[in-house]
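I opened this notebook to keep track of what I looked up, one entry per topic. The entries follow the order in which I went through the structure.

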Amino acid sequence: MAEITEDILTKVIKKRPSNSHKGNYGRVLLIGGSENYGGAIIMAAEAALNSGAGLISVATHAVNLDALHARNPEVMFIDWRDRNLVNLMKKMDVIVCGPGLGSGTFALQLMSTICQNISQNQILILDASALDMISQDAKLIPTQVGLVVITPHQMEWQRLSQIRISYQTDSANLDALKKIFPTQNAILVLKSNHTHVYTKSNQIFVNPIGNPGMATGGMGDTLAGIIGGFTAQFGDSLDSVLAAVFIHSLAGDKIAENNYVVRPTEISAMLPQLMSQYAN
Ligand SMILES: NC(=O)C1=CN([C@@H]2O[C@H](COP(=O)(O)OP(=O)(O)OC[C@H]3O[C@@H](n4cnc5c(N)ncnc54)[C@H](OP(=O)(O)O)[C@@H]3O)[C@@H](O)[C@H]2O)[C@@H](O)CC1
Ligand SMILES: Nc1ncnc2c1ncn2[C@@H]1O[C@H](COP(=O)(O)OP(=O)(O)O)[C@@H](O)[C@H]1O
Ligand SMILES: [Mg+2]
């Protein structure tokens with residue numbers, strides 16, 4: 001097992017060439033935010049925006065539109081019941097699904113639409129409720145997809161892998177990852193106070209930083225958005241995912257130097273400045 005180090009940030013974060021435009025930094029669609037959990041998808045979208053995705057769209061319950069735009073007018077909106085959502089999905093480089101999605105019949109339909117329409121040149125990041133839905137129905141896992149990144153916390157991983165938290169050893173986790181995604185290119189980001197990242201080729205990484213001030217609702221939603229932003233602009237590599245995990249905790253540690261609590265939105269606020277320090 002290897003520790004993720006600061007070097008991953010200099011390796012991944014690139015200075016932007018002058019002759020570039022928003023289309024060069026990736027299109028991300030975030031799907032989630034039921035009537036009760038709008039904040040989750042707003043925080044994920046803010047994280048994707050602040051981590052540098054070129055174009056960001058959010059498919060959510062209509063009730064979330066005003067809050068989303070009041071907070072981040074840079075982000076585009078589509079009602080998640082809009083028939084055009086399927087066409088929009090097809091234009092995306094990255095789809096992040098799950099923060100605040102909920103688990104009703106409609107959420108199931110959305111997952112099924114993603115599963116049927118996503119393609120080999122797209123990245124899918126599954127978090128929160130989306131993971132609970134694939135736990136209940138493996139047919140919702142797409143076979144034609146470029147990369148799937150799953151970001152469960154330990155209880156979500158228990159539901160998906162059937163491994164109880166105290167039995168979530170590295171070897172059991174690797175076996176489960178391969179069993180759940182037999183043919184797909186898949187990365188498991190198993191979140192905890194020291195998040196582990198697993199690949200199907202038996203690579204294991206541990207995140208040595210982060211702090212308990214980060215134990216605040218919305219922290220995982222923010223990580224999902226950063227992974228979306230990093231894979232959209234720096235590519236569908238393991239390194240992009242490792243860098244996202246590391247910078248999320250690095251920001252958390254910097255905020256915790258003089259704050260008892262770390263707000264997820266403050267992590268997002270810190271990203272543009274942190275990224276400029278590591279870009280080369
Ligand atoms: N502002 C918003 O809109 C927000 C909306 N959100 C949305 O809410 C939805 C539900 O997501 P969820 O994560 O809150 O609920 P769930 O999956 O039931 O997990 C909690 C259970 O697991 C247990 N547990 C054990 N180990 C654990 C661990 N390491 N980390 C965490 N939990 C651990 C834990 O144990 P306990 O606390 O009882 O000790 C408890 O029994 C989802 O769609 C999400 O996006 C949130 O993002 C917050 C902000
Ligand atoms: N004690 C802790 N130390 C370090 N990181 C933590 C700690 N508690 C939570 N985190 C981080 O916060 C995030 C929590 O994710 P999650 O439970 O999905 O949050 P939410 O669903 O509320 O957004 C993960 O990235 C996890 O690593
Ligand atoms: Mg979560």
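The entries below go from the annotated domain to the two ligands, then to single residues and a helix pair.

**Entry 1, the domain.** I noted at the outset that I am working with a predicted model. I looked up the UniProt annotation and found that an unreviewed entry places "domain: YjeF C-terminal" on residues 5-278. Over residues 5-278 I read 45% helix and 14% strand, with the end C-alpha atoms 13 Å apart.

**Entry 2, ligand 1.** I counted 17 residues around ligand 1, and I wrote down Gly 39, Ala 128, His 153, Met 155 and Gly 217 as the closest. Looking for the elements behind this shell, I found that helix H2 (38-50), helix H6 (128-136), helix H7 (154-161) and H9 each supply at least two residues, while the largest share, three residues, comes from H7. Sorted by class, the shell around ligand 1 holds six nonpolar, nine polar and two charged residues.

**Entry 3, Ala 128.** I returned to Ala 128, one of the residues closest to ligand 1, and located it in helix H6. Its phi is positive, about 45°, although the residue is not a glycine. I entered Ala 128 as buried because 26 other C-beta atoms lie within 10 Å, where 20 or more are required.

**Entry 4, ligand 2.** Around ligand 2 I again listed 17 residues, of which Asn 193, Gly 210, Ala 215, Met 219 and Gly 220 come nearest. Helix H9 (residues 219-234) gives the most to this shell, with four residues. By class I noted six nonpolar, nine polar and two charged residues around ligand 2.

**Entry 5, the annotated binding site.** Under "binding site", the unreviewed UniProt entry lists Lys 191, Ser 192, Asn 193, His 194, Thr 195 and Gly 220. I checked how these positions sit in space and found that, although spread over 30 residues of sequence, they cluster, with a largest C-alpha distance of 13.1 Å.

**Entry 6, Asn 193 and Gly 220.** Which of these counts as exposed, and which is buried? I placed Asn 193 in the loop between strand S8 (186-190) and strand S9 (196-199), and it counts as exposed because it has 11 C-beta neighbours inside 10 Å. Leaving aside neighbours within four places in sequence, I found Asn 193 in contact with Gly 210 and Pro 212. Gly 220, by contrast, is found in helix H9 and is buried, with 26 other C-beta atoms within 10 Å. With the same sequence neighbours left aside, Gly 220 is in contact with Asp 127, Ala 128, Thr 151, His 153 and Lys 191. I marked Ala 128 and His 153 in that list, since both are also among the residues closest to ligand 1.

**Entry 7, Asn 202.** I found a positive phi, near 70°, at Asn 202, a residue other than glycine. Asn 202 lies in the loop between S9 and strand S10 (204-206), and I recorded it as exposed, with 11 other C-beta atoms within 10 Å.

**Entry 8, H10 and H11.** Last, I looked up how helix H10 (residues 238-256) packs on helix H11 (residues 264-278), and found an angle of about 105° with the axes 9 Å apart, which means that H10 is roughly perpendicular to H11. The contact involves, among others, Ile 247, Leu 250 and Ile 255 of H10 and Ile 267, Met 270 and Leu 274 of H11. I sorted the residues of this contact into eight nonpolar, two polar and two charged.

Methods
Residues are numbered from 1 along each chain as its sequence is written. Chains are lettered from A and ligands numbered from 1 in the order in which they are written. This is a predicted model: local features need pLDDT of at least 70, side-chain atom pairs count only at pLDDT 80 or more; totals for chains, interfaces and linings use all residues. A residue is near a molecule or strand if its C-beta atom, placed from the backbone, lies within 6 Å of it. Ala, Val, Leu, Ile, Met, Phe, Trp, Tyr, Cys and Pro count as nonpolar, Asp, Glu, Lys and Arg as charged, and the others, Gly among them, as polar. UniProt positions are given in the numbering used here, feature names are shortened, and annotations may be inferred rather than shown by experiment. Axes are lines fitted to C-alpha atoms, for helices over the stretch in contact, and angles run from 0 to 180 degrees between N-to-C directions. Angles under 35 degrees count as roughly parallel, over 145 as roughly antiparallel, 65 to 115 as roughly perpendicular and the rest as oblique. Two residues are in contact if their C-beta atoms, placed from the backbone, lie within 7 Å. A residue is buried if 20 or more other C-beta atoms lie within 10 Å of its own, exposed if 12 or fewer, and partly exposed in between; C-beta atoms are placed from the backbone.
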